[in-house]
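Dear colleague,

I am passing on a structure that you have not worked with before. Please look through it first, and then read the notes below.

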Amino acid sequence: RRLGFPGATVLIVGDRPAPTAPDTPSFHYTPFATIKHSSLFINLELENAGVDERKLAWVNAASLHGERTPSSVLDHDWKLIIALGDAAQRWVNSGGKQCIKITHPAYHKRFKSREVYPLVSILKECNG
C-alpha cells in the first residue's frame, strides 16, 4: 500500500495515534488529521513554514492499541525518513532502516515551545 501522496519522498514516522483519535485502519495512515494534540501542532508548523505536504508521507509505528505497523512500509525508496521520538526511531531501526530522529511534538510543545520545531528546518533543508 502506498502511503501519502503519489509524489511523496519523505516518510515521517510518529509513535501512535492519540487516545482520542478515531479507531479506524484508514486513520492510522492519515497525516496530521486531528484538530488537536501533536497532529495539530505539526499541521500548523508546516502550514506556517510553507512546507509542501504533497511530498510527505506519514505512518505511525503502532496503532492506537499498540499493534506494530508492518515494516514493509519502510521498503519504499524514501529520500529521507524522520522519526518523531524514541519509539518511532526504534521501529524504523528494527525495520533495518536509518532515520533522523527529532523530539516528539508533545515534548517540543512542552519544553521547547519558543524554538522552531526541527521538523520544519529539516524539511526545508532537504526540499521536502
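**What was found**

Ser-39 is found in helix α2. Please keep in mind throughout that this is a predicted model. With a relative accessible area of 16%, Ser-39 falls under the 20% cut-off and therefore counts as buried. Its C-alpha atom is separated by 9.7 Å from that of Gly-14, although the two residues are 25 residues apart along the chain.

A second serine, Ser-63, has its place in the loop between β2 and β3, and at 14% relative accessibility Ser-63 is buried as well. The side chain of Ser-63 makes a polar contact, at 2.3 Å, with the side chain of Glu-67.

Turning to the interior, the largest nonpolar core has 19 residues, and those with the most contacts inside it include Val-10, Ile-12, Leu-46 and Leu-119. At least two residues of this core come from each of β1 (10-14), α2 (37-49), β2 (56-60), β3 (80-84) and α5 (118-125). Apart from this core lies another, of 15 residues, with Leu-11, Ala-61, Ala-83 and Ala-88 among them. Leu-119 itself, leaving aside residues up to four places away in sequence, touches Ile-12, Ile-42, Leu-46, Ile-82 and Ile-102.

Which residues of α5 are buried? They are Leu-119, Val-120, Ile-122 and Leu-123. Seen down the axis of α5, these buried residues fall within an arc of 165°, so they line one face of the helix.

With best wishes

Key. Residues are numbered from 1 along each chain as its sequence is written. This is a predicted model: local features need pLDDT of at least 70, side-chain atom pairs count only at pLDDT 80 or more; totals for chains, interfaces and linings use all residues. Side-chain values use heavy atoms; hydrogens and water are left out. A nonpolar core is a set of buried Ala, Val, Leu, Ile, Met, Phe, Trp, Tyr and Cys residues joined through side-chain atoms within 4.5 Å. Buried means under 20% relative accessible area, exposed over 50%, partly exposed in between (1.4 Å probe, protein chains only). Helices (H or I, at least four residues) and strands (E, at least two) are DSSP runs, numbered from the N terminus. Contact means heavy atoms within 4.5 Å. The arc is that of the directions from the helix axis to the C-beta atoms. A polar contact is a pair of N or O atoms within 3.5 Å; within protein, one must be able to donate a hydrogen and the other to accept it, and residues adjacent in sequence count only if both atoms are side-chain atoms.
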